[in-house]
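Good morning, and thank you for making time for this item. I should like to take you through one structure, beginning with its annotated positions and then turning to the packing of its helices.

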Amino acid sequence: MRNFIYSRRKLLLNLYSNNFSTSAIKTQNVQQATTGATKRICIVGAGPAGFYAAQYLLKQLSDCAVDIVEKLPVPFGLVRFGVAPDHPEVKNVINTFTKTAENPRLRFFGNVTLGTDVTLQELRDRYHAVLLTYGADQDRELQLANEEQPRIISARKFVAWYNGLPGAEQLQPDLSGRDVTVVGQGNVAVDVARMLLSPLDSLKLTDTTDYALEALASSKVERVHLVGRRGPLQAAFTIKELREMLKLPNVDTCWRPEDFTGIADQLDKLQRPRKRLTELMLKSLGEQSNRKGTPSIGKQFLPVFLRAPKAINQNEMEFAITELKNNAAVATEATERLPANLILRSIGYKSSCADAAINFDAQRGHVCNLQGRVLKDNSSKSVEPGLYVAGWLGTGPTGVILTTMNGAFAVAKTICDDIAAKSFDTDALKPGFEPANKSVVTWSGWNRIDQYERAVGKAKGKPREKIVTIQEMLRIAGV
Ligand SMILES: Cc1cc2nc3c(=O)[nH]c(=O)nc-3n(C[C@H](O)[C@H](O)[C@H](O)COP(=O)(O)OP(=O)(O)OC[C@H]3O[C@@H](n4cnc5c(N)ncnc54)[C@H](O)[C@@H]3O)c2cc1C
């Protein structure tokens with residue numbers, strides 16, 4: 001069987017890889033040279049912010065050429081490595097990004113990392129403007145003792161594991177225990193809970209990596225506790241994600257009735273989205289009371305409100321019981337322990353400083369900026385001419401793709417306005433990026449990876465089987 005898979009892969013590899021790398025880069029250069037573009041803009045990061053900004057700039061500035069520099073050999077950022085595999089409709093934005101990438105005035109340089117392969121100064125010397133959109137790839141910590149143990153992992157790493165981010169295949173989360181406690185109640189927390197509780201047969205039809213499917217097949221997890229510091233009215237998950245949980249076959253959602261004391265009385269004061277979410281929680285709670293006495297149907301999803309993480313013990317986690325004061329959670333002396341064979345920390349992402357020349361706020365984990373213009377220093381509020389930031393790197397890790405799109409369009413418009421106002425020089429000739437001694441994946445290289453993944457996935461009834469190592473990506477891309 002192994003030999004069969006290997007020879008099949010080899011066959012597909014031969015089909016999709018041929019000697020292209022340098023010639024493809026040359027073709028891209030020639031393409032741009034013939035488009036008459038005089039303004040060169042570099043975007044760092046090929047996630048939604050990068051692609052939406054590129055789309056806007058190419059449309060509004062007919063004399064601009066855009067290069068996207070991306071750390072990984074493959075594009076799309078969290079759309080590929082974050083969005084849950086059972087949300088294929090969300091990934092349709094890839095079609096829009098692909099159209100943008102096919103514009104002859106855009107070049108893609110995959111496998112190039114800002115801060116390692118190229119410095120910010122080099123990019124600034126080679127482009128009229130640089131837009132940073134390299135996202136948020138670190139996680140916030142609980143700041144508790146014993147946090148660095150294998151059974152405590154970040155939701156970010158767990159998500160990366162089932163989504164095939166290179167390097168994440170080593171994670172091997174321990175799914176041999178009955179209880180998983182997820183700390184946090186945002187949509188990412190609900191995503192990981194759903195992945196742990198979903199029937200395997202439905203996940204097999206998604207692009208969940210094969211190694212994750214194998215691990216989930218032997219998972220002993222039966223109960224997922226989803227713990228938040230505040231109450232139901234402050235829950236950070238949205239109605240779509242809750243509906244999906246409530247519809248999961250063979251999973252009981254079990255609310256704690258005491259968490260909902262007085263909540264129904266406040267419905268009329270709530271804004272519409274919050275009201276609908278709260279009504280759904282109350283409806284589900286009502287259905288739970290009607291089921292009382294009937295045995296559980298299988299696995300359990302257990303939202304727990306008003307609990308703040310306090311300590312990590314052997315196979316359990318201790319929480320302080322909190323009270324709400326002016327919408328903030330205040331810990332009381334009382335505590336509760338929850339069983340936790342595995343703990344998933346899902347309390348947010350943060351960005352890192354990719355290059356020492358970036359004015360980066362390490363405390364907040366984002367690039368210091370004023371409406372997308374990167375600040376020289378925070379005290380004077382003066383900006384770096386021609387340097388911009390968009391997406392999660394500029395705003396912090398909040399919002400969905402739509403929010404990121406609106407923000408990226410706004411920053412791209414600012415760039416256009418600044419060019420029109422001659423806020424920075426666009427007359428000097430700029431050469432753009434020329435990769436030296438580096439395996440660069442162009443858009444044609446990505447197309448080869450894409451076709452290969454789809455072909456391997458199709459044979460298994462999946463939309464794609466992701467390649468999970470950089471080395472293999474480069475091989476398939478023909479670099
Ligand atoms: C787990 C998870 C699930 C989500 N699910 C949904 C969903 O279902 N629906 C929805 O609408 N939104 C969802 N979101 C939100 C959505 O993913 C974000 O709004 C969006 O991806 C932010 O875009 P971005 O371009 O700022 O960052 P990213 O998507 O992170 O893109 C940043 C890019 O920069 C690259 N990069 C990083 N460092 C460097 C470097 N030094 N040099 C060059 N390139 C670099 C990265 O590889 C990446 O490709 C989800 C987010 C997460 C975390």
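Let me begin with G399, which is partly exposed because 14 other C-beta atoms lie within 10 Å. Please bear in mind throughout that this is a predicted model. G399 sits in the loop between α13 (392–395) and α14 (401–420).

I start there on account of the annotation. An unreviewed UniProt entry gives a "binding site" feature at A49, E70, L78, L114, W392, G399, V400 and I401. Those positions span 353 residues of sequence and are spread in space as well, with up to 24.7 Å between C-alpha atoms. The unreviewed entry also places a "binding site" at Q185, G186, N187, V188, R229, R230, E241 and G399. G399 is thus listed in one set and again in the other.

From the set that includes A49, let me take L78. L78 belongs to helix α4, residues 77–81. L78 is buried, because 23 other C-beta atoms lie within 10 Å of its own. Setting aside residues up to four places away in sequence, L78 touches G47, V83 and G135.

From the set that includes Q185, I have chosen two residues, V188 and R229. V188 is part of helix α8, which covers residues 187–197. Is V188 buried or exposed? V188 has 26 C-beta neighbours inside 10 Å, and the threshold for burial is 20 or more, so V188 counts as buried. Beyond residues up to four places away in sequence, V188 touches A155, V159 and S346.

Two of those partners, A155 and V159, are among the buried residues of helix α7. Eight of the nine residues of α7, which runs over 155–163, are buried, so this helix is largely enclosed by the rest of the structure. The buried residues are A155, R156, F158, V159, A160, W161, Y162 and N163. After α7 comes G164, with a positive phi near 75°.

R229, by contrast with the helical V188, is in the loop between β8 (223–227) and α11 (239–247). R229 counts as buried because it has 22 C-beta neighbours inside 10 Å. Its contacts, leaving out residues up to four places away in sequence, are R307, A308, T322 and A329.

I turn now to helix packing. How do α8 and α11 pack? Their angle is about 20° and their axes are 10 Å apart. That angle makes α8 roughly parallel to α11, because values under 35 degrees are classed in that way. The crossing of the two is left-handed. On the α8 side the contact is made by N187, V190 and R194, and on the α11 side by E241, E244 and M245. By type, these residues divide into two nonpolar, one polar and three charged. Two of them, N187 and E241, also appear in the UniProt "binding site" set I described.

A word on the spacing within such contacts. An α-helix has 3.6 residues a turn, so residues three or four places apart point the same way.

Helix α11 has a further partner in α12, residues 272–291. Here the angle is about 15°, with the axes 10 Å apart. This makes α11 roughly parallel to α12. The crossing is again left-handed. I239, L242, R243 and L246 of α11 meet R276, L277, L280 and S284 of α12. The residues of this contact divide into five nonpolar, one polar and two charged.

Next, two backbone details. L306 is not a glycine, yet has a positive phi of about 60°. L306 lies in the loop between β10 (299–304) and β11 (307–313), and counts as buried because it has 24 C-beta neighbours inside 10 Å. N326, likewise a residue other than glycine, has a positive phi near 50°. The loop between β12 (316–325) and β13 (328–339) holds N326, which counts as exposed because it has 5 C-beta neighbours inside 10 Å.

Finally, R40, in strand β1, residues 39–44. With 21 C-beta neighbours inside 10 Å, R40 counts as buried. Apart from neighbours within four places in sequence, R40 is in contact with A65, Y127, H128, K430 and G432. The C-alpha atoms of R40 and L248 are separated by 49 Å, and the two residues are 208 residues apart along the chain.

That concludes my presentation, and I am glad to take questions.

Conventions. Residues are numbered from 1 along each chain as its sequence is written. This is a predicted model: local features need pLDDT of at least 70, side-chain atom pairs count only at pLDDT 80 or more; totals for chains, interfaces and linings use all residues. UniProt positions are given in the numbering used here, feature names are shortened, and annotations may be inferred rather than shown by experiment. Helices (H or I, at least four residues) and strands (E, at least two) are DSSP runs, numbered from the N terminus. A residue is buried if 20 or more other C-beta atoms lie within 10 Å of its own, exposed if 12 or fewer, and partly exposed in between; C-beta atoms are placed from the backbone. Two residues are in contact if their C-beta atoms, placed from the backbone, lie within 7 Å. Axes are lines fitted to C-alpha atoms, for helices over the stretch in contact, and angles run from 0 to 180 degrees between N-to-C directions. Angles under 35 degrees count as roughly parallel, over 145 as roughly antiparallel, 65 to 115 as roughly perpendicular and the rest as oblique. A crossing is left-handed if the near helix is turned anticlockwise from the far one by less than a right angle, and right-handed if clockwise. Ala, Val, Leu, Ile, Met, Phe, Trp, Tyr, Cys and Pro count as nonpolar, Asp, Glu, Lys and Arg as charged, and the others, Gly among them, as polar.
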